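Visitor: I would like a close look at one part of this structure. Please take the helix contacts and what lies around them.

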Amino acid sequence: MRDVSLSEVLLQRLDRGEKEPLSRQIYTVLRTLILDGEIAAGVKMPATRTLADDLGLSRNTVMHAYEQLLAEGYVVSAFGSGTFVSDTAPRTRGAGHSPGHADDPAWHQAALSGRGARLVRLASASDSQLGAFVPGVPDVSLFPHAIWNKLLGRRWRSPPPDLLTYAHGAGYMPLRRVLAEHLRLSRAVRCEPEQVVLTTGIHQSIGLLARLLGDAGQAAWMENPGYWGARAMLQACGIETVPVDVDDEGMAPDAAQLARPPRFIFVTPSHQYPLGHIMSLSRRRALLDYARQHGAWIVEDDYDSEFRFGGKPLASLQGMDQHDRVLYLGTFSKTLYPGIRLGYMVLPRALAAPFGIGLSELYREGRLMDQAVLADFIEKGHYATHLRRMRQVYARRQTLLRDAITAQFGPGWPISTHEAGLHLVMHLPAGTDDLGIAIAARTLGLAVRPLSRYYEGTAGAPGLLLGYACVPDNLIGPSFQRLVQVITPALEHRRRAPMTRGA
């Protein structure tokens, strides 16, 4: 760029009416030109006196801009020769070898690591987290806000400083104490308060155990179909996930898989996600014995077992463990509201302290005030009262949704078990495009998830995950009727497909 051209560019871009000093404006324009490659490396900059005369400014104004560029390494000064654009100045967006502009999706793809690119490509988290028929989301409108606000207000009247700083270790001990007692009574979890580690939810719990107990390249058995979030988190931590088929009794590894023991075995034994099966007692015992023999860690995700509507009460798998091989995970996202971002792990005694250190080191935790309010909420009986109320609400809504499916498709239509949870699975005939149904449903303001997307490595059976928890009673029937508008054409297309192929 010739000296006169540079002066013209500066004259066009400088605003003498701006509050920002002119020296700073000159520096900003020159820096941008260098970064964009408009002024190439090695080019001699105009002398400060010459540029100042062209711009009608004092020489000191231009000198201050040059000095800033020199201090940041964009230019170098050779005594007696002048000022030159540095060879080490960033030459990005205008350079021919650049991978592209940062606004270009291809640029982001090239910038991501292999694990990052895979995570983004296979992402399953939905941008819709409320309404019909979002699975796994509670009715946040029924949360006892007034009670919570009262407890919160008491804490904030005179908050102790130690609740307002960083958390260190496994979390607020009074909450760990009341939570241990609750889990002993409701889930037959065998633990002391010192074994409870508070986290921001299931995902952080999985990330922490993967980093502290696993090394890159080690394997984790995953239920197939299973929870995509756990799979994504483990893979992002470098753990290889191995899909293991699920039958009516739970996870069913084959002979080849049994011959290669994994580091982790991820299961949802009390309410298999997403199919709803309950792991049989014999399968539980076999799994515990296998983990003991091979030193594997069983990760028990007890994500929604608080909402059980029928059948016998189920104890946790952790409560049967005699050899400290089970890592028990839970969350308050389903029982209270997702935005609270509080979960927990129950670990063997020897692991609890190291995990508390790891939690502080990796995540620099806080949320102590929220943990204190939750401890009060549980201790005063409000949590138990809320759970009883929500069980009744969700049981009623599940029944309403089942009745709507039966009324439309008949009593023999296959639906998942009714005993627990915040969603059910409406199974579809083989060959039905459940992904297409889910996409079409979004145009009607409905959020359903295709069952086939929960399978890894194999073509999944089609079906629809229908969440009923956050749908008001009076909207379940009308909302399902809207969904029928996209299910029926998909079923008709599936029925006609074999005839079309044979024609």
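Guide: What follows goes through two helix pairs, a loop residue and a small sheet. This is a predicted model, in which local features need pLDDT of at least 70, side-chain atom pairs count only at pLDDT 80 or more, and totals for chains, interfaces and linings use all residues. Residues are numbered from 1 along each chain as its sequence is written, and side-chain values use heavy atoms, with hydrogens and water left out.

Helices (H or I, at least four residues) and strands (E, at least two) are DSSP runs, numbered from the N terminus. Axes are lines fitted to C-alpha atoms, for helices over the stretch in contact, and angles run from 0 to 180 degrees between N-to-C directions.

The pair to begin with is helix 8 (residues 173–187) and helix 14 (residues 368–379), whose axes come within 8 Å and cross at roughly 35°. Their crossing is left-handed (the near helix is turned anticlockwise from the far one by less than a right angle; clockwise would be right-handed). Helix 8 contributes Pro-174, Leu-175 and Val-178 to the contact, and helix 14 contributes Gln-371, Leu-374, Ala-375, Ile-378 and Glu-379; contact means heavy atoms within 4.5 Å. By class, these are six nonpolar, one polar and one charged residues.

Leu-163 sits in the loop between helix 7 (145–157) and helix 8. With 7% relative accessibility, Leu-163 counts as buried (under 20% relative accessible area, with exposed over 50% and partly exposed in between, using a 1.4 Å probe and protein chains only). Beyond its neighbours within four places in sequence, Leu-163 touches Arg-155, Tyr-172, Leu-368, Met-369 and Ala-372. Although Leu-163 and Ala-372 are 209 residues apart along the chain, their C-alpha atoms are separated by 8.1 Å.

In the other pair, the axes of helix 2 (residues 22–35) and helix 4 (residues 59–71) come within 8 Å and cross at roughly 45°. The crossing of helix 2 and helix 4 is right-handed. The residues of this contact divide into eight nonpolar, four polar and two charged.

Last comes the sheet. Three strands form an open, antiparallel sheet in the order 11-13-12; two strands pair if DSSP finds at least two bridges between them. Strand 11 (423–427) and strand 12 (449–450) are at the edges with a single partner strand each, so one side of each has no neighbour in the sheet. Two bridges join strand 12 to strand 13 (residues 463–467), and Arg-449 has Leu-465 as its bridge partner in strand 13. Helix 15 (residues 382–409) lies across strand 11 and strand 13, at about 15° to strand 11.

Conventions:
Ala, Val, Leu, Ile, Met, Phe, Trp, Tyr, Cys and Pro count as nonpolar, Asp, Glu, Lys and Arg as charged, and the others, Gly among them, as polar.
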